[in-house]
Amino acid sequence: MIKKAIGYVRVSTSEQGRSGLGLKVQESDIKEFCKNEGIELIKILSEVESGKGFDALEKRPVLSQALNCAKKESAYIIVNKLDRLGRDVAFISSLMANKTPFIAAQLGRDADTFMLHL
């Protein structure tokens with residue numbers, strides 16, 4: 001079982017990014033989740049960009065960086081809610097099909113693929 005993680009936090013608008021409130025709450029949720037689950041949090045990367053669309057990796061370079069880092073470290077990607085990773089079902093499905101290990105803290109470590117598709 002993987003015991004390391006790269007946290008990824010995202011807000012959609014520059015106003016949200018400037019306030020920092022959404023990012024700080026997400027970071028706090030991820031840190032608490034990792035502490036409770038005994039997962040080593042290597043780092044948290046943050047981004048201000050929309051989560052819409054299947055082309056998320058083209059529009060979100062920090063997400064690409066997080067995924068590459070997680071692969072290199074044999075780690076999970078952890079987000080506080082699934083919609084922070086993406087709002088497009090096809091994109092989330094592609095991560096699952098490519099066996100990219102991720103956790104949405106709100107859903108828990110054991111969320112199955114059916115739940116993630118909902």
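**Fold, sheet and cores of a predicted model**

Student: What accessible surface does the protein come to, and what share of it belongs to carbon and sulfur atoms?
Tutor: The accessible surface of the protein comes to about 6600 Å², and the share that belongs to carbon and sulfur atoms is 52%. Areas of this kind come from the Shrake-Rupley method with a 1.4 Å probe, and for residues only the protein chains shown count as cover. This is a predicted model, in which local features need pLDDT of at least 70 and side-chain atom pairs count only at pLDDT 80 or more, while totals for chains, interfaces and linings use all residues. Residues are numbered from 1 along each chain as its sequence is written, and side-chain values use heavy atoms, with hydrogens and water left out, so the values asked for are about 6600 Å² and 52%.

Student: In what order do the elements of the protein run from the N terminus on?
Tutor: Helices (H or I, at least four residues) and strands (E, at least two) are taken as DSSP runs and numbered from the N terminus. Counted in this way, the protein has seven helices and four strands. From the N terminus on, their order is β-α-α-β-α-α-β-α-α-β-α.

Student: In what order do the four strands form the open sheet?
Tutor: Two strands pair if DSSP finds at least two bridges between them. Strand 1 is joined to strand 2 (residues 40–48) by eight bridges in a parallel run, and it pairs with strand 3, again in the parallel sense, over three bridges. The four strands thus form an open sheet with parallel pairing, in the order 2-1-3-4.

Student: Which strands stand at the edges of this sheet?
Tutor: Neighbouring strands of the sheet are turned against each other by 25° on average, direction ignored, where axes are lines fitted to C-alpha atoms, for helices over the stretch in contact, and angles run from 0 to 180 degrees between N-to-C directions. An edge strand has a single partner strand, so one side of it is left without a neighbour in the sheet. The two strands in this position are strand 2 and strand 4.

Student: Which residue in strand 3 does Gly7 stand opposite?
Tutor: Towards strand 2, Val9 stands opposite Ser46 and Arg10 stands opposite Glu47. Towards strand 3, the residue opposite Gly7 is Ile78.

Student: How many of the eight residues of strand 1 are buried?
Tutor: Buried means under 20% relative accessible area, exposed over 50%, and partly exposed in between (1.4 Å probe, protein chains only). In the protein as a whole, buried residues make up 41% of the 118 residues. Strand 1 is mostly covered, and the number of its residues that are buried is seven.

Student: Which helix gives the most to the largest nonpolar core?
Tutor: A nonpolar core is a set of buried Ala, Val, Leu, Ile, Met, Phe, Trp, Tyr and Cys residues joined through side-chain atoms within 4.5 Å. The largest has 21 residues, and those with the most contacts inside it include Ile6, Tyr8, Leu63 and Phe102. At least two residues of this core come from each of several elements, among them strand 1 (4–11), helix 4 (61–73) and helix 6 (89–97). With six residues, the helix that gives the most is helix 4.

Student: At about what angle does helix 4 run to strand 2?
Tutor: A contact means heavy atoms within 4.5 Å. Helix 4 lies across strand 1, strand 2 and strand 3, and its angle to strand 2 is about 165°.

Student: Is Ser74 buried or exposed?
Tutor: Ser74 lies in the loop between helix 4 and strand 3, and its phi is near 50°, a positive value in a residue other than glycine. Most residues other than glycine have a negative phi. With a relative accessible area of 51%, Ser74 is exposed.

Student: How many disulfides does the count come to?
Tutor: A disulfide is a pair of cysteine sulfur atoms within 2.5 Å. Cys34 counts as buried at 2% relative accessibility, and Cys69 is buried as well, with a relative accessible area of 13%. By the distance rule, the count of disulfides comes to zero.
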